[in-house]
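Good morning, and thank you for the invitation to present. I would ask everyone to keep the display in view while I speak.

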Amino acid sequence: MALSPLMKQYLEVKQEHPNCILMCRIGDFYEMFFEDAKTASRELDLVLTGKDCGLEERAPMCGVPHHAADSYIAKLVSRGYRVAICEQMEDPATAKGLVKRDVVRIITPGTVTEGGYLDEKKNNYICASYCDSFGCGIAFADVSTGEISATEILGENLPARIVSEAAAFNPSELIVPEDYPKATSGLFTARFNTLVSNGAETEFSFTSAVASIKEIYNENPASNSDYALRAIGGLLAYIIRTQKIDLSYLKKINFYSC
């Protein structure tokens, strides 16, 4: 037996976003299938049903009305999940064959911007960090306000010092390269309940960081700190990849010493 065209499309998109709950727009609903449906059903108290998918067993399925999706997304994000929003990219009434769909945004604890998802009385920071045995860089951004800051820490006892510096921002999400020290990222999770996400090694390169800053700000970085710039590069790349928006609204980077 072969997968139905819709399920094949869904799984192809899901394969590109394996760490997200994929909410797929089908008509007036955002639908979730397979393991995502089981998770959403449990976390959101939704009825778990099934859908013929071309296999012997029906695919587990649950969904929410598109006009009420914000409250469900907010609940998932508040519990540490990443949610990928997959929209219909053409009008179903005029589409020939299966409607084209694609992810238009990934909502994570550190990238939410809508008031309904946030505590309006405080900032919501996402941070990125780059470390080696000699030093660490860390960058913070509030995606909703455009604030962005970065610094570096050199010398001994780096894990404790970098986490102590992050305490002023209480980040909800941490972006790090895959070889980032697990002991350090674990301190973020233990102290701030921070969701840890991985970025590509290339996004944390000095060259990539400088190029991103030039593209967004139309000027060279105001600092030559290798560590701080690498952290900014990883942070900007992650925001661009998940939000898919123009970042020209970001405020000038505040490079500071600690």
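What volume does the second largest pocket have? The answer is about 360 Å³. Before going further, I should state that this is a predicted model.

Let me stay with that pocket. Its lining comprises 16 residues, and those closest to its centre are Asn19, Arg82, Asn198, Tyr238 and Arg241. Two elements, S11 and helix H7, which spans 226-243, each give two or more residues to this lining. By residue class, the lining of the second largest pocket holds 7 polar, 5 nonpolar and 4 charged residues.

We turn next from the pocket to enclosed space. A search of the whole structure finds 1 cavity of 30 Å³ or more. The largest cavity has a volume of about 60 Å³. Its lining is formed by Ile213, Tyr217, Glu219, Asn220, Pro221, Ala222, Lys252, Ile253 and Phe255. Here the division is 6 nonpolar, 1 polar and 2 charged.

Ile213 and Tyr217 deserve a second mention. They belong to the largest nonpolar core, and they are among the members that touch the most other members. The others in that group are Ile126, Ile148, Ile232, Leu235 and Leu236, and the core counts 27 residues in total. At least two residues of this core come from each of strand S7 (126-131), S8, S9, helix H6 (206-217) and H7. Which element gives the most to this core? H7 does, with 9 residues. H7 thus appears twice in this account: in the lining of the second largest pocket and in the largest nonpolar core.

Let me now describe the sheet to which several of these strands belong. It is an open sheet of 6 strands in the order S11-S10-S7-S8-S9-S12, and the pairing is mixed. Strand S11, at 195-199, and strand S12, at 254-255, stand at the edges; each has a single partner strand, so one side of each is left without a neighbour in the sheet. Within the sheet, S8 (residues 135-142) and S9 (residues 147-154) run antiparallel and are joined by 8 bridges. In this pair, cysteine 136 of the chain stands opposite isoleucine 153 in S9.

Cysteine 136 leads to the next topic. How many disulfides does a search of the whole structure find? It finds 1. This disulfide joins cysteine 131 to cysteine 136, with an S to S distance of 1.8 Å. The torsion about the S-S bond is about 110 degrees, so the disulfide is right-handed. Are the two joined cysteines, 131 and 136, buried or exposed? Both are buried.

Other cysteines stand outside any disulfide. Cysteine 62 is one of them: the nearest cysteine sulfur, that of cysteine 24, is 13 Å away. Cysteine 62 has a relative accessible area of 2%, and is therefore buried. Cysteine 127 is likewise in no disulfide, and the nearest cysteine sulfur, belonging to cysteine 131, is 11 Å away. With a relative accessibility of 0%, cysteine 127 counts as buried.

I move now to another group of paired strands. Strand S4, residues 59-65, is mostly covered, as 5 of its 7 residues are buried. Strand S2 (residues 29-33) pairs with S4 in the antiparallel sense over 5 bridges, and tyrosine 30 stands opposite valine 64 in S4. Strand S3 (residues 49-51) also runs antiparallel to S4, joined to it by 3 bridges. There, lysine 51 stands opposite alanine 59 in S4.

Finally, I would draw attention to two points in the backbone. Most residues other than glycine have a negative phi. Where does asparagine 193 lie? It is in the loop between helix H5 (182-192) and S11. The phi of asparagine 193 is near 60 degrees, a positive value in a residue other than glycine. Asparagine 193 has a relative accessible area of 64% and is exposed. The second point is lysine 244, found in the loop between H7 and S12. Its phi is near 55 degrees, again a positive value in a residue other than glycine. Lysine 244, at 45% relative accessibility, counts as partly exposed.

That concludes the presentation, and I thank you for your attention.

Definitions and conventions
Residues numbered from 1 in each chain as written. Predicted model: local features only at pLDDT ≥ 70, side-chain atom pairs only at ≥ 80, totals over all residues. Heavy atoms only, no water. Pairing = 2+ DSSP bridges. Helix = DSSP H or I, 4+ residues; strand = E, 2+ residues; numbered from the N terminus. Disulfide = S-S within 2.5 Å. Buried < 20%, exposed > 50% of the residue type's maximum accessible area, 1.4 Å probe, protein only. 1 Å grid on protein atoms, 1.4 Å probe; cavity = no way out; pocket = protein on both sides within 12 Å on 5 of 7 lines; lining within 4 Å. Points joined across faces, edges and corners; volume = space filled by probe spheres on them. Nonpolar A, V, L, I, M, F, W, Y, C, P; charged D, E, K, R; others polar. Core = buried A, V, L, I, M, F, W, Y, C linked by side-chain atoms within 4.5 Å.
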